[in-house]
Amino acid sequence: MKKFNIRKVLDGLTNVSSSSSASPQPGNRENDTIQENLQSEHFQLCKTVRHGFPYQPSAMAFDAVQKILAIGTQSGALRLFGRAGVECYCQHESGSAVIALQFLINEGALVSALADDSIHLWNLRQKLPAVLHSLKFNRERITFLHLPFQSKWLYVGTERGNIHMVNVESFTLSGYVIMWNKAIELSSKTHPGPVVHISDNPMDEGKLLIGFECGIVVLWDLRTKKADYRYTYDEAIHSVAWHHEGKQFICSHSDGTLTIWNIRVPAKPAQIITPHGKHPKDGKKPEPCKPILKVEYKTTRAGDPFMVLSGGLSYDTVGRRACLTVMHGKSTAVLEMDYPIVDFLTLCETPYPNDFQEPYAVVILLEKDLVVIDLAQIGYPIFENPYPLTLHESPVTCCEYFADCPAELIPALYSVGSRQKRQGYSKKEWPISGGNWGQGTQSYPEIIITGHADGSIKFWDASAIMLQVLYKLKTAKVFEKARNKEDKPSTDIVDEDPFAIQILTWCPESRMLCVAGVSAHVIIYRFSKQEVTTEVVQLLEVRMPYELNDVDSPEAAGEQTPAVSTPGATSSPQSALPPAQTHPSTSSNSSDGPRDNVPCLKVRCSPLKQSPGYQVDLVVQLLWVSGEPPQQITSLALNSAYGLVVFGNFNGLAVVDYFQKTLLMNVGVQELYGLADPFQRQPRSPRKARQPSGGVCDVNDGSNASEDRCKSPTSAKMSRKLVTVPDQKHETVAEHIHRRRSLQPKKRVCGVRTAAQVSRNRAGSSIVRTPSAPDLYAKDSSFSRSRSSSVTSLERESREIISSFHFSETLSRKGEAMPGPSLWVGTSQGSMLVLPLTVPASSELRMQQAPAVSFGGVVTRLKGGILSMATLDSAGAPLHPPYELWYDPNLPDEREEKDRWKRRRPASPPSGSQEGAPDTHYVVLCSEKQAEVIVLPAQTSVFKHNITEASFVLRADVVQMNTGCCIACFCANGHIMALSLPSLRPLLDVNYLPLTDMRIARTFCFSNLGQALYLTSPTEIQRLTYSQETCDNLQEMLCELFTPVETPEAPNRGFFKGLFGGGAQSLDREDLFGETAAGKASRSLAQHIPGPGGMEGMKGAASGIVGDLARTRMALDERGQKLGELDERTAAMMASADSFSKHAHDMMLKYKDKKWYQL
């Protein structure tokens, strides 16, 4: 444990970091030392788990015995799913798309084929799957894989029409090859096309069915190495399926038809079916339909077979969504899907292909969803999906991560969220039920909150590296719905998604939630377990500060409202206004004049029924000014103990008292400085600038709009070309963000208006204005893209905006002896200012008297914009802001009055300081370039550290670890850093993830206890840890995919089938494909690449309880088998001995009384 003396900090830091500098603290006591427990060995960075739907899925497979589902993606990722909470992610190094997957059923292994013509063998017997072998084809493209049940030989079909055999144990090619020119008719003059299907006859493993794209199907005899039958159809083939008796098979074709063939009648199909075709009355062929991409034929022991197919709809069904068709007997069910179908699998009771299949469910992989339907119930209901696959239901626009939350939060959210669940699900259990949960020791509650483009907010239980949705809140319910295109919100701020969540802040202790949307609105929510109906939504309308000489007011000069409201100032809520006046044009506007004094969205006037959960308490909206839309909100903070919400944008900041629904402060940045403004602010052009559109959008204009709603922040794919400026070449994402932070919008005109003034202004009186001259800085916290294609010299000016807030109860003024409430403000130019607050002490006074806000001036300045702030006590422990204990606002009056005083008293966790008022506090600042620690009340710098020179910090948070606190930073160059507090010693610096996507920069966030996350794709969240303790326990926390399960017994052949040979015929493939019989394959055909450890390292790699149990089980099985064989031999010997004894006894009796000469 290292001790740091505040007075001798320069000597201590010289040897630590050359980039750190410190100044002595005047007036500090000689023996005032701070012990720091955090050291570099407490930190290690590693990924933990990935949640969400696999982005851009491309292939799927299912292990019918282990009950594990595997999904491959176009980026080379593998996602494996078992029972609820059992998920695993792994990645192919090449990043090529996965085109096929095959399980080694009940063997704990998986074979994957990629678009780069490589196949890989994955070991699933370990918690972190690894590649054991790889085989790279050099001359042929892989199109199809088939691995027969309980076989070690893999069939690989290629684009040339050939079929190769691969031994999955050694991953070597056999010399046995089925060439396309031998499979088809010798008289055929055209190439049959790629291999689209391979399967063996369920009743005869020596017969292989090969489907070529052109429409030719061949039944190949593996023993004689020639084709038995060839089946030809005019239309291209997409898939083939067997009847379990091996006498018939069915093909799906490109014209929407299904052909059923008898294997011994190759001349023509036994039956032709067009499931969705219109059958003319004159007996002509049905009209062609869309291709049937896949068909599966599954039999049942007690009823009609199931025929499941995708595609095949009629061409006249334009605009109809993708469908899955289930044909059972005479009934045909068409199930519409929300997204296109990628693949589907029918789950059956038996893994043996030569037995009645008994299908019970169908797993449907869609482009953006996973659906499982129940075949055993009428109507084919779907199963309730236990995985967190609805993360992208609407694109994610922001997220926050809270670790070590109050224990009662998750049950409270679950209780209200359980009432939101849909009805009509299947009553059966989720059929994908393999694997086991991890045995992790971490038990603290974790909650992830995601904001979405449709205005919804989701709360997720993220405890124990799992993810489960708890509760969903729809903020768009507060606003009027658009009945037609004319009524659709036209905010001129965003092109679409006007309700998108931009920023959110949450107080777990008081359960207060505050969100800011892209349409310049703020909504404050309270949590209640009671259902209420709000007659009128409380509304506060605000005009932000502006420069008076920049606008010619069309109204007569009226009263001037001071920027800082006096305590007790009130404004009437929306209830004082007629409902029709919520969103009209004002008296200052003519019919064709500019929009003025109107918000971007219209708050609903009708009663609002609010279910248990989060219920709206106040809506704050910024107004249009002289035809210019309001600027989007860039920073937001809430304090439940003071009852205050503060938000800032390009124009300034506003402080709102949500207890009394009043506006306390509304000023520009220049007013915050007063006479001590450190900048020379030049007059700016009065020319209006258009508001940047797509406030939560990525900057890549080249993204595919139809793919993922490019206007949303998660949907855009990174383009090689980003927004450019004159005389500037293409830039990286990090360069773009840095440039956007230095380029600002032009001068804007804003003012202040409260809800009480709305009625006066709309009745013809003058608008209340606050003269100010804020200097603006467009911090691109939402990474919006500008409407303009060029950046003028005026836009290159250095502007300043409010970038961050922090409420604290600390020594905010120099020489102050007792801590008091204060608001700390950070700006984009690196200035940190303090606003002391005066808050009434008692609850009764607080409800009658509003807090007072005063100016405290500039405390310090850093390089780059201020990203985060925190306060420490004299012992260096975090000094958490005070908070209000949660109470239900809708309790009956008698209980509410009884408990309100006790519950409203501000409470704060113990800070670690001694009793009495502390004499020293510390303020921790982190900007885009530097970190600094300032001692209070002297307001002098004691530690300062240059985080980065060439790059800049995107996200920084002061986080609590098990043994102390530190600053966690994520830089644009991909480095994740940790700095000790208060000495700012570097503890961690890892080059983890280069910034290649705006999505990562926008969603990356840290949490306490060494946890972090970011949105790695539009549909997936990647969680990681920078705690050494968590990394050490990660192996135990991860789930187990493979569990020892007995393979079901093979179907009984029966007496007569065994006697007359009517059952399934086995094949010794080793005699056909082995090196002895088939020889070696050409070395130039494919290259073998051993995985990390190879087969020899499989036993060592499969560590843990599961691997040990599996090996023990195999050893016991082997021993039991040997013991069984020994018992059989012993029984045979005993029977032989008994027989010999009997014969000897008979011989003795026969010759007992005879003489020797009578023998």
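This report covers the overall make-up, selected sheets and aromatic contacts of a predicted model.

## Overall make-up

The protein chain has 1159 residues, and 57% of them count as buried. Its secondary structure comprises 16 helices and 65 strands. Contacts reach far along the sequence. Among those between residues at least 6 apart, 63% join residues at least 24 apart.

The exposed surface of the protein chain is about 49,100 Å². Carbon and sulfur atoms supply 51% of that area.

## Strand E10 and its two hairpins

Strand E10 spans residues 109-114. Six of its six residues are buried, so the strand is largely enclosed by the rest of the structure. Ala109, Val111 and Ala113 point one way from E10. Leu110, Ser112 and Leu114 point the other way. Residues of both sets are buried.

E10 has an antiparallel pairing with strand E9 (residues 98-104), over six bridges. Leu104 has Ala109 in E10 as its bridge partner. The two strands form a hairpin with four residues between them. In that turn, Asn106 has a positive phi of about 60°.

E10 also pairs with strand E11 (residues 118-123). This pairing is antiparallel too, with five bridges. Ser112 is matched with His120 in E11. Here the hairpin has three residues between the strands, and Asp117 takes a positive phi near 65°.

## A mixed sheet of five strands

Five strands form an open sheet in the order E36-E37-E38-E42-E40. The pairing is mixed. Strand E36 (501-507) and strand E40 (539-542) are the edge strands, and each pairs on one side only. Neighbouring strands are turned by 20° against each other on average, direction ignored.

E36 and strand E37 (residues 512-517) run antiparallel and are joined by six bridges. Within this pairing, Ile503 has Ala516 in E37 as its bridge partner. A helix lies across part of the sheet. Helix H3 (residues 409-417) crosses E36, strand E38 (521-528) and E42. It runs at about 100° to E38.

## An antiparallel sheet of four strands

Another open sheet has four strands, ordered E58-E59-E60-E61, with antiparallel pairing. Strand E58 (953-961) and strand E61 (986-991) stand at the edges. Each has a single partner strand, so one side of each is left without a neighbour in the sheet. From one strand to the next, the twist averages 15°.

E58 is joined to strand E59 (residues 964-971) by eight bridges, and the two run antiparallel. Val958 of this pairing stands opposite Ile967 in E59.

## Aromatic pairs

The model contains 26 aromatic pairs. One of them is Phe459 with Tyr614. Their ring centres are 5.4 Å apart and their planes lie at 5°, so the pair is stacked. Phe459 lies in strand E34 (residues 456-461) and Tyr614 in strand E42 (residues 613-622). The pair therefore ties together parts that are 155 residues apart in sequence. Both Phe459 and Tyr614 are buried.

Phe1006 and Tyr1026 make a pair with another geometry. The ring centres are 5.7 Å apart and the planes stand at 80°, so this pair is edge-to-face. Phe1006 lies in strand E62 (residues 1005-1007) and Tyr1026 in strand E64 (residues 1020-1027), so the pair ties together parts that are 20 residues apart in sequence. Phe1006 counts as buried at 5% relative accessibility. Tyr1026 is buried as well, with a relative accessible area of 1%.

## A ring cluster and charges over rings

Ring pairs link Phe402, Phe459, Tyr471, Trp506, Phe527, Tyr614 and Trp886 into a cluster. The stacked pair of Phe459 and Tyr614 belongs to this group.

Trp886 of the cluster also has a charge over its ring. The charged end of Arg511 sits there, 4.0 Å from the ring centre. Elsewhere, Arg125 lies over the face of Phe1042, at 4.2 Å from the ring centre.

Technical notes: Residues are numbered from 1 along each chain as its sequence is written. This is a predicted model: local features need pLDDT of at least 70, side-chain atom pairs count only at pLDDT 80 or more; totals for chains, interfaces and linings use all residues. Side-chain values use heavy atoms; hydrogens and water are left out. Two strands pair if DSSP finds at least two bridges between them. Axes are lines fitted to C-alpha atoms, for helices over the stretch in contact, and angles run from 0 to 180 degrees between N-to-C directions. Rings of Phe, Tyr and Trp (its six-membered ring) pair if their centres lie within 6.5 Å; planes under 30 degrees apart count as stacked, over 60 as edge-to-face and the rest as tilted. Buried means under 20% relative accessible area, exposed over 50%, partly exposed in between (1.4 Å probe, protein chains only). A charge sits over a ring if NZ of Lys or CZ of Arg is within 6 Å of the ring centre and within 35 degrees of the ring normal. Contact means heavy atoms within 4.5 Å. Accessible areas come from the Shrake-Rupley method with a 1.4 Å probe; for residues, only the protein chains shown count as cover.
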